[in-house]
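Colleague: I'm new to this one. Could you walk me through the ligand site?

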Amino acid sequence: MSFRARHLLGIEHLSPDEIRAVLDLAERYVELNRRTVKSSDALAGMTQINMFFENSTRTQASFELAGKRLGADVMNMSVASSSVKKGETLIDTALTLNAMHPDLLVVRHPHSGAVNLLASKVNCAVLNAGDGRHEHPTQALLDALTIRRARGRIQRLTVAICGDIAHSRVARSNLILLGKMENRIRLIGPPTLMPAGVAEFGCEVFDDMREGLRGADVVMMLRLQKERMDGGFIPSEREYYHRYGLDAEKLAHAAPDAIVMHPGPMNRGVEIDGEIADDINRSVIQDQVEMGVAIRMACMDLLARNLRAERGARAIGAMV
Ligand code: CP
């Protein structure tokens, strides 16, 4: 098996072969999820704990469904009513849960690097469900699966990522994944929403959206991450929509068969026109949500196999 990872903390740790292994297994889970009976026993007997220190609809729901469909015992920790509110630290919370012998810990946290730190303190497999501006690996994997199914490949495509790049973990994980798979990446947005050192990423950068979209195969729109902004990055949402909101006129500059993506949650009329978002001939936004469950099933299945192999090897080691 080409997937060797102990945890899923970021795309930066995965090889192209490991990425392909996740996508190929996820294809099988897409089929399972479309059946009436969606159950598998890949995680039977295992315990999965979801800890979300930041709000989520798609990621939390799909990790919960994924674990249940794979036969795990799934527990959603309610951070709002937990002892975190009494001042317990992330590490103490993790050590407390670790003592209950979970097998998989799914964590979203507002601080970049928090999930990596937590992974170094526990015995189970840790999956990063988004940490600050750092990474959102399962989002990039589900985006890759969506692109591969819609465009027939995940190499040699021109992908335009548009909007608030500076604050986006989705953009960062996608940049790394699409780069590893040898795609041409264009970043589009106002200079105030480009990360420092963007020139070193090896992508083309545009502040003119029409120019950046020219001939693109994939148009990936991003939300303004207001919760990570501490100042005025745009003059107004109205002005932003005028220059960077995806509408039919701007989309006409992309390839005629370009697909439109958005990780959600969307702000209609800010970064995307509602009609484009709902256009079933162009938008694959609902496919992204569907692929999210399959990708999370594949990731947890692969990590569980590695965990079982590691525990088996340790048990044999203890006997000799
Ligand atoms: N795309 C994404 O992470 O959405 P949620 O914040 O709803 O999980």
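Colleague: How far does a polar side-chain atom of Thr 59 lie from an oxygen atom of the ligand?

Modeller: A polar contact is a pair of N or O atoms within 3.5 Å. Here, Thr 59 puts a polar side-chain atom 2.6 Å from a ligand oxygen. Arg 108 has a side-chain N or O atom 2.9 Å from an oxygen atom of the ligand, and for Gln 139 the partner is a ligand nitrogen, at 3.0 Å. Bear in mind that this is a predicted model, where local features need pLDDT of at least 70, side-chain atom pairs need 80 or more, and totals for chains, interfaces and linings use all residues. Numbering starts from 1 along each chain as its sequence is written, and side-chain values use heavy atoms, without hydrogens and water.

Colleague: Which residues are around the ligand?

Modeller: A residue is near a molecule if one of its heavy atoms lies within 4 Å of it. In this model that gives Ser 56, Thr 57, Arg 58, Thr 59, Arg 108, His 136, Gln 139, Pro 263 and Gly 264.

Colleague: How does that shell divide into nonpolar, polar and charged?

Modeller: Asp, Glu, Lys and Arg count as charged, Ala, Val, Leu, Ile, Met, Phe, Trp, Tyr, Cys and Pro as nonpolar, and the others, Gly among them, as polar. The shell has one nonpolar, six polar and two charged residues.

Key. Polar contact = N/O pair within 3.5 Å; in protein donor to acceptor, adjacent residues only side chain to side chain.
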